[in-house]
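Thanks for coming, everyone. Have a look at the sequence and the model on the screen, and then we'll walk through it together.

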Amino acid sequence: MNLITNDAQLRQYIPNALVTVEGEKSLFDKLTPFLESSEEWLMQTIIPEAILQEVVANERQPFLRLLTKVVATDAFLHAVPSLDLVLTPNGFGIVSNQNIVPASKERVDRLLASLEIERDSAIEMLLPRLPLLTDWQQSPQGQYFAATLFPNLSLCRRLAIRQHLWAEYQALHDRLIKIENTLAETYFSQEQMSVFRDKTLHLLTNCSPLEVQVIRSLQSLELMLVSDMQVHVQSFYDLVNTIRENESVFPEWHASATAELYTPTVFSNKKKSGGYWF
(Lines give C-alpha, C1' and ligand atoms only; values in the text may rest on other atoms or scores of the structure.)
Protein backbone atom coordinates (compact mmCIF):
# COMPACT_ATOMS: atom_id res chain seq x y z
CA MET A 1 0.00 0.00 0.00
CA ASN A 2 1.09 3.58 -0.67
CA LEU A 3 -1.03 5.71 1.65
CA ILE A 4 -1.72 4.04 5.01
CA THR A 5 1.04 1.80 6.34
CA ASN A 6 0.55 1.59 10.12
CA ASP A 7 -2.00 1.70 12.91
CA ALA A 8 -1.14 5.18 14.16
CA GLN A 9 -1.61 6.68 10.72
CA LEU A 10 -4.95 4.93 10.27
CA ARG A 11 -6.29 6.12 13.63
CA GLN A 12 -5.90 9.74 12.56
CA TYR A 13 -8.85 9.13 10.23
CA ILE A 14 -10.86 6.66 12.36
CA PRO A 15 -11.87 8.45 15.60
CA ASN A 16 -13.38 6.80 18.68
CA ALA A 17 -11.64 3.45 18.11
CA LEU A 18 -10.49 1.76 21.32
CA VAL A 19 -6.80 1.26 21.92
CA THR A 20 -5.64 -2.24 21.01
CA VAL A 21 -4.57 -4.31 24.01
CA GLU A 22 -1.70 -6.75 24.00
CA GLY A 23 -2.50 -9.94 22.16
CA GLU A 24 -5.26 -8.35 20.05
CA LYS A 25 -5.05 -7.65 16.34
CA SER A 26 -4.57 -3.95 15.69
CA LEU A 27 -7.21 -1.90 13.89
CA PHE A 28 -4.74 -1.62 11.00
CA ASP A 29 -4.40 -5.40 10.79
CA LYS A 30 -8.17 -5.84 10.80
CA LEU A 31 -8.65 -3.28 8.05
CA THR A 32 -5.66 -4.14 5.87
CA PRO A 33 -7.65 -6.11 3.23
CA PHE A 34 -10.19 -3.28 3.04
CA LEU A 35 -7.46 -0.64 2.83
CA GLU A 36 -5.80 -2.50 -0.02
CA SER A 37 -9.11 -2.80 -1.86
CA SER A 38 -9.97 0.88 -1.32
CA GLU A 39 -6.57 2.08 -2.51
CA GLU A 40 -6.89 -0.06 -5.62
CA TRP A 41 -10.34 1.45 -6.23
CA LEU A 42 -8.87 4.93 -5.79
CA MET A 43 -6.18 4.24 -8.39
CA GLN A 44 -8.64 2.75 -10.84
CA THR A 45 -11.18 5.58 -10.64
CA ILE A 46 -9.53 8.83 -9.50
CA ILE A 47 -5.72 8.91 -9.68
CA PRO A 48 -3.31 6.57 -11.53
CA GLU A 49 -0.84 4.59 -9.45
CA ALA A 50 2.21 6.34 -10.90
CA ILE A 51 0.88 9.79 -10.01
CA LEU A 52 -0.22 8.58 -6.57
CA GLN A 53 3.28 7.30 -5.89
CA GLU A 54 4.70 10.67 -6.95
CA VAL A 55 2.38 12.44 -4.51
CA VAL A 56 3.44 10.11 -1.68
CA ALA A 57 7.16 10.32 -2.49
CA ASN A 58 7.10 14.12 -2.49
CA GLU A 59 4.66 14.38 0.43
CA ARG A 60 2.50 16.77 -1.54
CA GLN A 61 -0.15 18.35 0.62
CA PRO A 62 -3.14 18.74 0.61
CA PHE A 63 -3.30 15.94 -2.00
CA LEU A 64 -1.82 13.41 0.40
CA ARG A 65 -4.21 14.24 3.24
CA LEU A 66 -7.31 14.11 1.04
CA LEU A 67 -6.27 10.93 -0.76
CA THR A 68 -5.58 9.21 2.55
CA LYS A 69 -8.94 10.30 3.94
CA VAL A 70 -10.73 8.90 0.88
CA VAL A 71 -9.04 5.52 1.33
CA ALA A 72 -9.50 5.37 5.11
CA THR A 73 -13.18 6.26 5.08
CA ASP A 74 -13.96 4.03 2.11
CA ALA A 75 -12.17 1.09 3.73
CA PHE A 76 -13.96 1.58 7.06
CA LEU A 77 -17.27 2.01 5.25
CA HIS A 78 -16.89 -1.43 3.69
CA ALA A 79 -15.42 -3.03 6.81
CA VAL A 80 -18.01 -1.93 9.39
CA PRO A 81 -20.63 -4.62 8.66
CA SER A 82 -18.13 -7.39 9.47
CA LEU A 83 -16.11 -5.88 12.31
CA ASP A 84 -18.42 -7.09 15.11
CA LEU A 85 -19.04 -10.53 13.62
CA VAL A 86 -17.06 -13.70 14.29
CA LEU A 87 -17.45 -17.04 12.56
CA THR A 88 -17.98 -19.90 15.02
CA PRO A 89 -18.58 -23.61 14.38
CA ASN A 90 -22.26 -22.87 14.93
CA GLY A 91 -22.44 -19.84 12.62
CA PHE A 92 -21.90 -16.10 13.02
CA GLY A 93 -21.84 -14.46 16.43
CA ILE A 94 -21.62 -10.88 17.70
CA VAL A 95 -18.50 -9.68 19.49
CA SER A 96 -19.46 -8.43 22.96
CA ASN A 97 -18.41 -8.35 26.59
CA GLN A 98 -19.80 -7.11 29.90
CA ASN A 99 -18.78 -3.47 29.30
CA ILE A 100 -19.57 -2.92 25.62
CA VAL A 101 -22.75 -4.01 23.89
CA PRO A 102 -23.30 -4.15 20.13
CA ALA A 103 -24.60 -0.95 18.55
CA SER A 104 -28.16 -0.86 17.27
CA LYS A 105 -28.86 -1.16 13.57
CA GLU A 106 -29.90 2.51 13.53
CA ARG A 107 -26.57 3.63 14.96
CA VAL A 108 -24.62 1.46 12.56
CA ASP A 109 -26.63 2.87 9.67
CA ARG A 110 -25.85 6.40 10.83
CA LEU A 111 -22.16 5.53 11.02
CA LEU A 112 -22.20 4.12 7.50
CA ALA A 113 -23.99 7.22 6.19
CA SER A 114 -21.48 9.46 7.97
CA LEU A 115 -18.51 7.59 6.52
CA GLU A 116 -19.95 7.83 3.01
CA ILE A 117 -20.49 11.57 3.43
CA GLU A 118 -16.91 12.04 4.70
CA ARG A 119 -15.48 10.03 1.80
CA ASP A 120 -17.54 11.88 -0.81
CA SER A 121 -16.69 15.27 0.71
CA ALA A 122 -12.99 14.40 0.52
CA ILE A 123 -13.41 13.40 -3.15
CA GLU A 124 -15.25 16.68 -3.80
CA MET A 125 -12.40 18.70 -2.28
CA LEU A 126 -9.77 16.63 -4.08
CA LEU A 127 -11.07 16.78 -7.65
CA PRO A 128 -10.57 20.54 -8.29
CA ARG A 129 -6.93 20.17 -7.25
CA LEU A 130 -6.03 17.14 -9.37
CA PRO A 131 -5.55 19.08 -12.68
CA LEU A 132 -2.52 20.67 -10.97
CA LEU A 133 -0.76 17.30 -11.01
CA THR A 134 1.39 16.62 -14.06
CA ASP A 135 -0.19 14.18 -16.55
CA TRP A 136 -3.36 13.64 -14.47
CA GLN A 137 -5.65 15.26 -17.05
CA GLN A 138 -4.25 13.02 -19.80
CA SER A 139 -4.80 9.85 -17.78
CA PRO A 140 -7.95 7.71 -18.26
CA GLN A 141 -9.04 8.77 -14.77
CA GLY A 142 -8.60 12.45 -15.57
CA GLN A 143 -10.31 12.10 -18.92
CA TYR A 144 -13.37 10.64 -17.21
CA PHE A 145 -13.90 13.79 -15.15
CA ALA A 146 -12.93 16.06 -18.06
CA ALA A 147 -15.58 14.52 -20.31
CA THR A 148 -18.38 16.89 -19.26
CA LEU A 149 -18.85 20.48 -18.14
CA PHE A 150 -19.28 19.13 -14.61
CA PRO A 151 -15.96 17.60 -13.49
CA ASN A 152 -16.79 17.57 -9.79
CA LEU A 153 -19.29 16.14 -7.30
CA SER A 154 -20.56 19.69 -6.74
CA LEU A 155 -22.84 18.82 -9.68
CA CYS A 156 -24.98 16.89 -7.21
CA ARG A 157 -25.26 19.83 -4.82
CA ARG A 158 -26.42 22.06 -7.67
CA LEU A 159 -29.26 19.58 -8.17
CA ALA A 160 -30.09 19.57 -4.45
CA ILE A 161 -28.69 16.05 -4.01
CA ARG A 162 -27.17 15.75 -0.53
CA GLN A 163 -26.60 12.01 -0.12
CA HIS A 164 -24.67 9.31 -2.00
CA LEU A 165 -22.80 12.00 -3.95
CA TRP A 166 -20.30 9.66 -5.60
CA ALA A 167 -22.91 7.16 -6.75
CA GLU A 168 -25.27 9.90 -7.92
CA TYR A 169 -22.47 11.71 -9.76
CA GLN A 170 -21.61 8.62 -11.79
CA ALA A 171 -25.23 8.18 -12.90
CA LEU A 172 -25.51 11.87 -13.85
CA HIS A 173 -22.15 11.75 -15.62
CA ASP A 174 -23.37 9.06 -18.02
CA ARG A 175 -26.48 11.10 -18.85
CA LEU A 176 -24.49 14.31 -19.36
CA ILE A 177 -22.17 12.57 -21.84
CA LYS A 178 -25.16 11.89 -24.09
CA ILE A 179 -26.67 15.36 -23.59
CA GLU A 180 -23.42 17.18 -24.38
CA ASN A 181 -22.72 15.07 -27.43
CA THR A 182 -26.12 16.03 -28.88
CA LEU A 183 -25.61 19.71 -28.04
CA ALA A 184 -22.16 19.64 -29.64
CA GLU A 185 -23.38 18.09 -32.88
CA THR A 186 -26.40 20.38 -33.12
CA TYR A 187 -25.21 23.73 -31.81
CA PHE A 188 -21.74 24.15 -30.32
CA SER A 189 -19.41 21.74 -32.17
CA GLN A 190 -17.23 19.08 -30.59
CA GLU A 191 -14.21 21.37 -30.89
CA GLN A 192 -15.75 24.21 -28.94
CA MET A 193 -17.26 21.92 -26.31
CA SER A 194 -13.82 20.40 -25.75
CA VAL A 195 -12.46 23.87 -25.03
CA PHE A 196 -15.36 24.61 -22.67
CA ARG A 197 -14.73 21.36 -20.76
CA ASP A 198 -11.02 22.08 -20.41
CA LYS A 199 -11.70 25.57 -19.06
CA THR A 200 -14.28 24.19 -16.64
CA LEU A 201 -11.83 21.57 -15.40
CA HIS A 202 -9.46 24.43 -14.58
CA LEU A 203 -12.17 26.35 -12.69
CA LEU A 204 -12.70 28.88 -15.51
CA THR A 205 -9.34 30.48 -14.87
CA ASN A 206 -7.83 32.35 -17.81
CA CYS A 207 -11.30 32.86 -19.31
CA SER A 208 -12.70 36.05 -20.75
CA PRO A 209 -15.93 37.35 -19.14
CA LEU A 210 -17.83 36.40 -22.29
CA GLU A 211 -16.52 32.81 -22.15
CA VAL A 212 -17.53 32.53 -18.51
CA GLN A 213 -20.99 33.85 -19.36
CA VAL A 214 -21.53 31.35 -22.17
CA ILE A 215 -20.17 28.37 -20.21
CA ARG A 216 -22.25 29.11 -17.14
CA SER A 217 -25.36 29.63 -19.25
CA LEU A 218 -24.74 26.33 -20.99
CA GLN A 219 -24.23 24.58 -17.65
CA SER A 220 -27.56 25.93 -16.42
CA LEU A 221 -29.33 24.63 -19.51
CA GLU A 222 -27.70 21.21 -19.10
CA LEU A 223 -28.85 21.06 -15.48
CA MET A 224 -32.39 21.60 -16.70
CA LEU A 225 -32.04 18.86 -19.29
CA VAL A 226 -30.55 16.34 -16.89
CA SER A 227 -33.42 17.12 -14.52
CA ASP A 228 -35.91 16.33 -17.32
CA MET A 229 -37.04 19.95 -17.55
CA GLN A 230 -38.03 21.42 -20.89
CA VAL A 231 -35.65 23.89 -22.49
CA HIS A 232 -36.73 26.07 -25.41
CA VAL A 233 -34.40 25.69 -28.38
CA GLN A 234 -34.15 29.47 -28.63
CA SER A 235 -31.98 29.36 -25.50
CA PHE A 236 -29.36 27.41 -27.45
CA TYR A 237 -29.70 29.60 -30.53
CA ASP A 238 -29.09 32.67 -28.37
CA LEU A 239 -25.80 31.19 -27.18
CA VAL A 240 -24.87 30.23 -30.73
CA ASN A 241 -25.52 33.79 -31.88
CA THR A 242 -23.23 35.10 -29.14
CA ILE A 243 -20.53 32.71 -30.37
CA ARG A 244 -21.12 33.65 -34.02
CA GLU A 245 -20.71 37.34 -33.23
CA ASN A 246 -17.42 36.87 -31.38
CA GLU A 247 -15.09 34.87 -33.61
CA SER A 248 -11.95 36.03 -31.81
CA VAL A 249 -13.25 34.63 -28.52
CA PHE A 250 -14.60 31.37 -29.94
CA PRO A 251 -12.33 30.50 -32.90
CA GLU A 252 -12.83 26.74 -32.46
CA TRP A 253 -16.53 26.99 -33.27
CA HIS A 254 -15.95 29.16 -36.34
CA ALA A 255 -13.43 26.66 -37.70
CA SER A 256 -15.74 23.67 -37.16
CA ALA A 257 -18.11 21.89 -39.51
CA THR A 258 -20.96 22.78 -37.15
CA ALA A 259 -20.50 26.46 -37.96
CA GLU A 260 -21.42 25.71 -41.58
CA LEU A 261 -24.92 24.74 -40.40
CA TYR A 262 -25.42 28.36 -39.41
CA THR A 263 -23.97 29.89 -42.57
CA PRO A 264 -26.79 30.71 -45.01
CA THR A 265 -26.35 29.72 -48.63
CA VAL A 266 -26.00 32.87 -50.76
CA PHE A 267 -28.12 32.80 -53.94
CA SER A 268 -26.28 33.96 -57.03
CA ASN A 269 -28.60 35.27 -59.74
CA LYS A 270 -27.22 34.28 -63.17
CA LYS A 271 -28.73 34.67 -66.66
CA LYS A 272 -28.07 31.01 -67.43
CA SER A 273 -29.90 29.86 -64.32
CA GLY A 274 -33.51 28.76 -64.71
CA GLY A 275 -35.95 31.33 -63.39
CA TYR A 276 -33.58 34.26 -63.81
CA TRP A 277 -34.91 37.41 -62.10
CA PHE A 278 -34.33 40.98 -63.26
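**A walk through the model**

Let's start inside a helix. Leaving aside neighbours within four places in sequence, Leu42 is in contact with Leu3, Ile47, Leu67, Val70 and Val71. Where does Leu42 sit? Its place is in helix α2. Leu42 has a relative accessible area of 0%, so it is buried. Now pair Leu42 with Leu52. In sequence they are ten residues apart. In space, their C-alpha atoms are 9.4 Å apart.

Before going on, a word of caution. This is a predicted model.

Now the whole chain. How many helices and strands does the secondary structure come to? There are 13 helices and two strands. The chain has 278 residues, and 40% of them count as buried. Next, contacts. Take those in the chain with a separation of 6 or more. Residues 24 or more positions apart account for 67% of them. And the surface? The chain exposes about 16,300 Å². Carbon and sulfur atoms supply 53% of that.

Next stop, helix α3. It covers residues 49-57. Which of its residues are buried? They are Ile51, Leu52 and Val55. Look down the axis of α3: the buried residues fall within an arc of 105°, so they line one face of the helix. Turn to the other side of α3. There, Ala50 and Ala57 are exposed. What covers the buried residues of α3? The cover includes α2, residues 27-45, and α4, residues 63-83. Remember that α2 is the helix that holds Leu42.

Move past the end of α3. The helix is followed by Glu59, and the phi of Glu59 is positive, near 50°. Then comes Pro62, in the loop between α3 and α4. Check the peptide bond from Gln61 to Pro62. It is cis, with omega near 5°.

On to helix α4, and one residue in it, Thr73. Is Thr73 buried or exposed? Its relative accessibility is 1%, so Thr73 counts as buried. The cut-off for buried is under 20%. What does the side chain of Thr73 have beside it? A polar atom of that side chain lies 2.6 Å from the backbone oxygen of Lys69. Thr73 also has contacts beyond its neighbours within four places in sequence. These are with Leu115, Glu118 and Arg119.

Now the cysteines. How many disulfides does the structure hold? Zero. A quick reminder: a disulfide is a covalent bond between the sulfur atoms of two cysteines. Take Cys156. Its relative accessibility is 0%, so Cys156 counts as buried. Then Cys207. At 18% relative accessibility, Cys207 counts as buried too, because the cut-off is under 20%.

Let's pause on two loops. One lies between α7 and α8, and His164 is in it. The phi of His164 is near 55°, a positive value in a residue other than glycine. His164 has 40% relative accessibility, so it counts as partly exposed. The other loop lies between α9 and α10, and there we find Leu204. Leu204 is not a glycine, yet it has a positive phi of about 60°. Is Leu204 buried or exposed? At 16% relative accessibility, it counts as buried.

Last stop, helix α10, residues 209-226. Here is a small check you can do yourself. The helix has 18 residues. At 1.5 Å a residue, they should span 26 Å. How far apart are the end C-alpha atoms? They are 26 Å apart, which agrees.

So which residues of α10 are buried? Among them are Val212, Val214, Ile215, Leu218, Leu221, Leu223 and Val226. The list also includes Glu211, Gln219 and Glu222. What covers them? The cover includes four helices by name: α7 at 154-158, α8 at 165-188, α9 at 190-201 and α11 at 233-244. After α10 comes Asp228, with a positive phi near 65°.

To close, three things to find on the screen. Find the buried face of α3, with Ile51, Leu52 and Val55. Find the cis bond from Gln61 to Pro62. And find Thr73, with its side chain beside the backbone oxygen of Lys69, 2.6 Å away. Thanks, and over to you.

Definitions and conventions: Residues numbered from 1 in each chain as written. Predicted model: local features only at pLDDT ≥ 70, side-chain atom pairs only at ≥ 80, totals over all residues. Heavy atoms only, no water. Buried < 20%, exposed > 50% of the residue type's maximum accessible area, 1.4 Å probe, protein only. Arc of directions from axis to C-beta. Contact = heavy atoms within 4.5 Å. Areas by Shrake-Rupley, 256 points an atom, 1.4 Å probe, with all protein chains shown as cover. Polar contact = N/O pair within 3.5 Å; in protein donor to acceptor, adjacent residues only side chain to side chain. Disulfide = S-S within 2.5 Å. Expected span 1.5 Å × (residues − 1).
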